[in-house]
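Colleague: I'd like to go through this model with you, a bit at a time. Can you take my questions as they come?

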Amino acid sequence: MASVEDRVGAGDLPVLDRWALPEIFLTGVRKTDEQEYLATAGTPKVHAYFTDHQTERIDPLFLLECCRQAGPYGGREFIGIDPESKFLLHSCSFRLPGPASPDAASGELPAEITLAVDAGGRPHSRAGARKVSYAFDLTIPGGHLGTARMDVRHVSHDLYGTLRGRRGAAATHPVVPAAPAAPHLVGRTRASNVVLADVVVDAGRSEARAALRLPVDNTSLRSYDHVPAMVLIEAARQLCLGASARISGAAAERTMLVAADFSFHRFVELDAPAVVRLTAETRADGHGMTAALPELHSFQVEFEQDGEVAAAGRTWTTSVGTAAPAGGREMS
C-alpha cells in the first residue's frame, strides 16, 4: 500500500482542505478495482479536537473526517479528479454504531482504520464540475464500525469563483458570538471546540435552538470563505447533546451521535448570523441499528441564515456507558 505520507506535504494541504499536517489522518491508499480502493487512516491518541470528548471512545465525526479525506484523495489518484479542484459536499449520510457498542468501551482506541471506498460509477463531467458519490465501509481489526456516503461535486477554481462571487471574496471576518456555550453541556471539554452560542432548550415542545459560531483560531475547523459542512454536522451534534438532558433525560457526557443524513443547499456565509434549530422526534427509526443500539433518539435539524434554510438533516444518538474522567483527555 503506497504511503500517503510519502506524497503529501505542507504544500499539498489545500488539496484536502486542511491547514496543518496533524489534521491529515490518511496513512495509505491502494487501488483494488476500476472505481474501488482501500484507504487506511491512523487514529491519534491525543488530538486537540477529535479526542476532546467526555467519553473514551473513538469519535464518529473523526471517522467521517477520515472519509472526507480518503474519498477525494483516492478520486485524485485513481479516477482523474483534478488535484487543483475544490470539492463541495452536497449530501452526507452515515451509520456508525461501532464506536457506541459495548465492546468499544474496553481497551485502547484502534491504531488504524481501514476504509473500503467505492467511487460510485463514472463521474459525471460538465463545465468544470465532476459529480462523484463516495461510499465507505469502515472496519478495525476488532470489527465493523459502520458505513458512510458522501455526494460530492468537484469544481474548478474558475467555477468556484463564479459560484462564490463577491460574497466569497469579501467573507474574511467571521461573525463569532461573544461567548461559546459551556463545553460540558455540549459534550466538549474545551471552549475552543464549541461551535454554538446562546443555546435555548424548550423541553415542553422538544425543541432547541442556538447561534452558530466558528472559532477562528481552531485549525481543525478552519475554512476558506464559508462555514464547512463538517462544522455544520458538528454543530448539529453539539445541539443534540446539549438538548438531550432536557428533552430525553440523556446526559451530554453519556450521549453519542451514531448516525445522520444531511443535505447542504447553499453556502453558510462567515459574515452573517446563522441559527441551528432542532426538534426531537417522538419515535426513532433505527435504520438497522436498533439490535446493536436499542436506546436511540432522533432529531430533525435545520440551519437557517438570511431567512433561508441552508442545510437540513436528521440525526440519531444513543446512550453509552462510563464517561471519561472530569476534564477529558488533556493535551500532553
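Colleague: In which loop is Asp306 found?

Modeller: This is a predicted model, where local features need pLDDT of at least 70, side-chain atom pairs count only at pLDDT 80 or more, and totals for chains, interfaces and linings use all residues. Residues are numbered from 1 along each chain as its sequence is written, and side-chain values use heavy atoms, with hydrogens and water left out. Helices (H or I, at least four residues) and strands (E, at least two) are DSSP runs numbered from the N terminus. On that numbering, Asp306 is in the loop between strand 12 (296-305) and strand 13 (308-319).

Colleague: What is phi of Asp306, a residue that is not a glycine?

Modeller: Most residues other than glycine have a negative phi. Asp306 goes the other way, with a positive phi of about 55°.

Colleague: Is Asp306 buried, exposed or partly exposed?

Modeller: The cut-offs are under 20% relative accessible area for buried, over 50% for exposed, and partly exposed in between (1.4 Å probe, protein chains only). Asp306 has 48%, so it is partly exposed.

Colleague: And Ser206, where is that one found, and what is its phi?

Modeller: Ser206 has a relative accessible area of 22%, so it counts as partly exposed. It is found in the loop between strand 8 (196-202) and strand 9 (207-212). Though Ser206 is not a glycine, its phi is positive, near 55°.

Colleague: Over to the cavities: how much space lies in the largest one?

Modeller: Rolling a probe the size of a water molecule over the atoms shows where empty space is left. Here a cavity is a set of points, on a 1 Å grid over the protein atoms alone, where a 1.4 Å probe fits but cannot get out; lining residues have an atom within 4 Å of a point. Grid points are joined across faces, edges and corners, and a volume is the space filled by probe spheres set on the points. The structure holds 5 cavities of 30 Å³ or more, and the space in the largest is about 130 Å³.

Colleague: Which element gives the most to the lining of that largest cavity?

Modeller: The lining has 15 residues, with His53, Thr55, Arg237, Leu241 and Thr255 nearest the centre. Helix 3 and strand 10 (255-264) each supply at least two residues. With 3 residues, the most is given by strand 10.

Colleague: How do the lining residues divide into nonpolar, polar and charged?

Modeller: Ala, Val, Leu, Ile, Met, Phe, Trp, Tyr, Cys and Pro count as nonpolar, Asp, Glu, Lys and Arg as charged, and the others, Gly among them, as polar. By that scheme the split is 6 nonpolar, 5 polar and 4 charged.

Colleague: Which side chain does the side chain of His53 make a polar contact with?

Modeller: His53 sits in the loop between strand 2 (36-42) and helix 1, and its relative accessible area of 9% makes it buried. A polar contact is a pair of N or O atoms within 3.5 Å; within protein, one must be able to donate a hydrogen and the other to accept it, and residues adjacent in sequence count only if both atoms are side-chain atoms. At 2.8 Å, the partner of the His53 side chain is Asp59.

Colleague: Which backbone nitrogen does a side-chain oxygen of Asp59 reach at the start of helix 1?

Modeller: Helix 1 is mostly covered, with 17 of its 19 residues buried. At its start, the Asp59 oxygen comes to within 2.9 Å of the backbone nitrogen of Leu61.

Colleague: Which side chains are joined to Glu65 by polar contacts?

Modeller: Glu65 lies in helix 1 (residues 60-78) and counts as buried, at 1% relative accessibility. One contact, of 3.0 Å, is with Arg68; another, of 2.7 Å, is with Gln69.

Colleague: Why is there no bond between the sulfur of Cys67 and the closest cysteine sulfur?

Modeller: A disulfide needs a pair of cysteine sulfur atoms within 2.5 Å, and a search of the whole structure finds 0. Cys67 is buried, at 1% relative accessibility. Its sulfur is too far from the closest one, in Cys66, for a bond: the distance is 7.0 Å.

Colleague: Last one: how many of the 19 residues of helix 3 are buried?

Modeller: Helix 3 (residues 229-247) is followed by Gly249, with a positive phi near 80°. The helix is largely enclosed by the rest of the structure, because the number of its residues that are buried is 16.

Key: On a 1 Å grid over the protein atoms alone, a cavity is a set of points where a 1.4 Å probe fits but cannot get out, and a pocket is an open set with protein on both sides within 12 Å along at least five of seven lines; lining residues have an atom within 4 Å of a point.
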